[in-house]
Each structure stands twice: as C-alpha cells, then as structure tokens.
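Let's take a look at one protein model together. Keep the 3D view open while you read.

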Amino acid sequence: MHVIMTISDRIHAINFGQTIAEGTPKEVAANQAVIEAYLGRTMLKVSGIDVFYGDLQVLWDVSFEVRDKEILVLVGANGAGKSTTLKTISGLLTPGRGPSSSTASVSTSFPGQGHRAGVVHVRRPGGCSAR
Ligand SMILES: Nc1ncnc2c1ncn2[C@@H]1O[C@H](COP(=O)(O)OP(=O)(O)OP(=O)(O)O)[C@@H](O)[C@H]1O
Ligand SMILES: [Mg+2]
C-alpha cells in the first residue's frame with residue numbers, strides 16, 4: 001500500500017466491479033468507501049492521551065488506531081505504559097490534565113455498540129507469570 005501511495009499520481013479504486021473512488025493517493029486514501037473496502041473500518045481509536053497516577057504522568061500524547069480485522073501489538077519494556085494504556089482504553093483510568101487533554105479521546109466502533117462499548121479489562125486468575 002505504501003508503494004502504491006508513493007509511486008502513483010492518480011488512483012482509480014474499484015470494488016466488486018464498481019468505481020468507488022478516483023483521485024490523488026491522498027484523496028483516495030481518505031475516501032470512506034475505500035477505507036471500508038480495503039483499509040478496514042477503524043474499530044478503536046486512541047487520540048493524544050496523557051495519563052497520570054496522581055501527580056505522576058506516565059503517558060504522553062499516545063495515539064494509535066486499530067482497524068477491522070487488524071492485529072495491533074503494543075510493545076514496551078516493563079513500566080513503559082502498556083497496562084496503563086489498556087486501562088485507559090477500558091475506562092479504568094481517565095486521560096487528562098496534559099497539554100493535549102482537551103482533544104484527548106478513546107473511541108470504539110463495534111457493530112451495534114455504543115461509544116466505548118465492547119472493551120473490558122479482565123484480570124487473569126493468579127496474575128501474570130514471569131515465564
Ligand atoms: N497504580 C499506580 N500508581 C502509580 N504509578 C503506577 C501505577 N501503575 C503503574 N504505575 C507506573 O506507571 C508506569 C507505567 O506502568 P505500566 O504498568 O502501565 O507499564 P507496563 O508497560 O504495563 O509494564 P509491565 O511490562 O511491567 O506490565 C510505570 O512507571 C509504573 O511504575
Ligand atoms: Mg503491564
């Protein structure tokens with residue numbers, strides 16, 4: 001996809017025999033029909049979250065999105081902020097107070113579900129294993 005977007009002057013996108021978009025790579029990439037047909041609908045979007053434990057800030061402006069049928073892996077060393085990110089997504093923690101807090105948000109889009117529905121935090125019995 002990156003190569004197509006880089007080398008093309010114009011793109012004509014078809015889906016099931018019908019034109020769904022045409023234009024510059026930027027225009028086609030932003031086209032909603034193309035996104036739904038080929039890039040996948042955004043199921044989870046995290047935008048600019050700053051998260052604190054009391055006065056201790058542990059996340060700064062974290063943003064990413066996960067599309068339909070896509071697997072996204074969150075990696076980081078111990079204490080990097082993985083669990084904090086997931087706790088914020090599930091609503092156990094609330095983003096706030098940082099410079100980007102006014103625009104910070106977490107949104108989900110699951111079929112038939114409302115805002116932020118469908119994401120819960122489940123603690124594994126016995127906790128985590130070091131193995
Ligand atoms: N309840 C808490 N109160 C204060 N600080 C916390 C709390 N939970 C986590 N932290 C701190 O927040 C930072 C991020 O921790 P977090 O647990 O999100 O990291 P992690 O990437 O999940 O680490 P690990 O790989 O060890 O699970 C660390 O500096 C941690 O010490
Ligand atoms: Mg963790």
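What follows is a short tour of a hairpin, a ligand site and one residue.

## The hairpin

Keep in mind that this is a predicted model. Start with strand 3, residues 42–53, and strand 4, residues 56–67, which run antiparallel and are joined by eight bridges. To see one pairing up close, find Ile-49, whose bridge partner in strand 4 is Val-62.

Now follow the chain around the bend: the two strands form a hairpin with two residues between them. Gly-54 sits in that turn and has a positive phi of about 65°.

## Around ligand 1

Which residues surround ligand 1? They are Tyr-53, Leu-56, Val-58, Gly-76, Asn-78, Gly-79, Ala-80, Gly-81, Lys-82, Ser-83 and Thr-84. Sorted by class, this shell has four nonpolar, six polar and one charged residues.

Strand 4 turns up again here: strand 4 and helix 4 (82–90) each supply at least two residues of the shell. The largest share, three residues, comes from helix 4.

## A look at Ser-109

Next, hop over to Ser-109, in the segment after strand 5 (105–108). Is Ser-109 buried, exposed or partly exposed? It counts as partly exposed, because it has 16 C-beta neighbours inside 10 Å; being buried would take 20 or more, and being exposed 12 or fewer.

Leaving out residues up to four places away in sequence, Ser-109 touches Arg-41, Thr-42 and Met-43. Lys-45 is worth finding too: Ser-109 and Lys-45 are 64 residues apart in sequence, yet 8.7 Å apart in space, C-alpha to C-alpha.

Conventions: Residues are numbered from 1 along each chain as its sequence is written. Chains are lettered from A and ligands numbered from 1 in the order in which they are written. This is a predicted model: local features need pLDDT of at least 70, side-chain atom pairs count only at pLDDT 80 or more; totals for chains, interfaces and linings use all residues. Helices (H or I, at least four residues) and strands (E, at least two) are DSSP runs, numbered from the N terminus. Two residues are in contact if their C-beta atoms, placed from the backbone, lie within 7 Å. Two strands pair if DSSP finds at least two bridges between them. A residue is near a molecule or strand if its C-beta atom, placed from the backbone, lies within 6 Å of it. Ala, Val, Leu, Ile, Met, Phe, Trp, Tyr, Cys and Pro count as nonpolar, Asp, Glu, Lys and Arg as charged, and the others, Gly among them, as polar.
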